[in-house]
Amino acid sequence: MAARKAAAVFVECLEAEGVRHVFGIPGEETVDLNEALADSSIEFVPVRHEQGGAYMADVYGRLTGHAGVCLGTLGPGAMNLTTAVADALLDHAPLVAITGQGGLERMHKESHQYIDVLQVLQPITKWNARISEPGIIPEAVRKAFKVAQAQKPGPTHLELPEDVMETDLDAAPLGAPGRIRRPEPSAVEILDAAEIITEAEHPVVLAGHGVLRVGAAQALREFSRATGIQVAETFMGKGAMDYAEDGWLGTVGVQEHDYALAGFEDADVVITVGYDFVEQSPAKWNPRNDKRIVCIDTVSVEVDAHFTTEVDLIGDLSYILGRLAEECGGRCEHGGSSRLNEIVLGRFEAAHDEDHFPMQPPRALWELRQLLGRDDILISDVGLHKLWIARMYPAHEPNTVLIANGLAGMGFALPAAIAAKLVHPDRRVVTVNGDGGFLMNMQELETAVRLKTPIVNVIWENQQYGSIVWKQDKKFGRHFGTDFANPDFVKLAESFGMPAWRCESIDDYPERLRQALDLDVPSLIVLPIDYSLDVTFSEELGAETVVA
Ligand SMILES: Cc1ncc(C[n+]2csc(CCOP(=O)(O)OP(=O)(O)O)c2C)c(N)n1
């Protein structure tokens, strides 16, 4: 094969990995790379802040299982990637971050825009490396994708010094990546677990994001039907079960008391499936450390004093759940309590009769649920609205409610929605944001308009960092440093060239939503919100909130 620039070979390697989009901002040090991208099958998506591009790559990876790719230049561009790269780490999304760099000859000394990006990104990636010489490109790219996509997925990073990328190279991508076959636990381990489960008097399942990551929701539903054992979900596990099914105990984790209301207090055996501690510590549902735990996951899990497992079933989740259904079906007692669901869904269903304006969260979510189909996607930003969505918005299918609950960084929703719409152009995508978080990445409205991604952005406006106000008021009886003024969001959105409305009455909201969902361009709706209704509905659900 003829020698090409190393940058061209690098892009061929990306193509060989199946990359379809690179989200980012070029720099002077990445011009060879961008030139090669221009001649490739890959769409380079210019964004307006590297954080936005990295969130797009993060959610692209989260929804497809194939690493999303983001690009920043050296120094400032690379620094701007960090928050969303950290999000991909804690939320286990496969992502490959690419950063430019100055030439190798100036990395040992103070020089323009030089930051040791490898060291900065090292603790927030699963693996990273500098392309220190062109010949390693095929291996380094293969490794970046392989490590990012391996369980549990996460971000990797490659640094491209400009002098290396402009040299000539005669090389080709490594052969197509082989399929990863997940291991199966031994028959003895399956039978041990089956014995614990069939001996249990009140078994329950706690399902996490891992179920969605490996497409095991169907197997989980079949396990629940075969055994009668009911399932509670974490925020990021939403949709593992269809809420309309009998086996669903609800979404737990807004407050400690959720677990008691879902039947965990009385449970003698807890079966965790794809459960990541980053979302919620096991101490919250196993405070006395007296549960027998069967852990089902793709890799050996983290250690925690409140997570002493009796059997770890490590491997392919669908296979394991299928085998357990065979061994345990028809021989299990039923645990779990419908109390949490009765209260939360009862409140949700009653919301359509509420006529407060500014609107209260249950009605705002109820209207949305009526208008979105079972496969349409709701993306939450981070704040009090996230707790309401986690608590109350019922999901039918996996990956239809996206919540960033690992790093939980504000500003996630808008770039996430752009990526979700690129992955699923046939589904409707709505974001719900606080007025604080929305301004953190609102520059990506321009990207959405340019790409013509018809996403609907709803801002719950209260001129406050709501969840911090709430926490301060509870703890100190007052709040401080949390109030602000907003721009006119409607004019702001219109200046980006997109339709926008402010709801002035209770009936405005469903009408505007309907109108926005029918458009083929992005839009924005401002909904004045009244957060005086406590997300814990104190009397019924009680106790303190544990997740912010
Ligand atoms: C980038 C980032 N900065 C700060 C925080 C801490 N934080 C969590 S929620 C929140 C307030 C969110 O306010 P807003 O976006 O208006 O949403 P609301 O709570 O009012 O629904 C803050 C400051 C965070 N999670 N992420």
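These legends describe close-up views of a predicted model.

**View 1. The shell around the ligand.** In this predicted model, 19 residues surround the ligand. The closest are L384, H385, A408, G437 and Y531. By class, the shell holds eight nonpolar residues, 10 polar ones and one charged residue.

**View 2. Polar atoms at the ligand oxygens.** Backbone and side-chain atoms both appear here. From G437, a backbone N or O atom lies 2.7 Å from an oxygen atom of the ligand. From S467, a backbone N or O atom lies 2.9 Å from an oxygen atom of the ligand. D435 contributes a polar side-chain atom, 3.1 Å from an oxygen atom of the ligand. Taken alone, the ligand exposes 590 Å². The protein buries 78% of that area.

**View 3. Helices that line the ligand.** Three elements each give two or more residues to the shell around the ligand: helix 15 (384-392), helix 17 (435-438) and helix 19 (466-476).

**View 4. Helix 8 from end to end.** Helix 8 covers residues 187-199, 13 residues in total. What span should helix 8 have at 1.5 Å a residue? The expected value is 18 Å, because the span is 1.5 Å times one less than the number of residues. The end C-alpha atoms are 18 Å apart, so the model agrees with the expected span.

**View 5. The buried residues of helix 8 and their partners.** In helix 8, I190, A193, A194, I196, I197 and T198 are buried. The buried residues of this helix pack against three strands and a helix: strand 12 (269-273), strand 13 (292-297), strand 14 (309-314) and helix 12 (317-328).

Conventions: Residues numbered from 1 in each chain as written. Predicted model: local features only at pLDDT ≥ 70, side-chain atom pairs only at ≥ 80, totals over all residues. Heavy atoms only, no water. Near = heavy atom within 4 Å. Polar contact = N/O pair within 3.5 Å; in protein donor to acceptor, adjacent residues only side chain to side chain. Areas by Shrake-Rupley, 256 points an atom, 1.4 Å probe, with all protein chains shown as cover. Helix = DSSP H or I, 4+ residues; strand = E, 2+ residues; numbered from the N terminus. Nonpolar A, V, L, I, M, F, W, Y, C, P; charged D, E, K, R; others polar. Buried < 20%, exposed > 50% of the residue type's maximum accessible area, 1.4 Å probe, protein only. Contact = heavy atoms within 4.5 Å.
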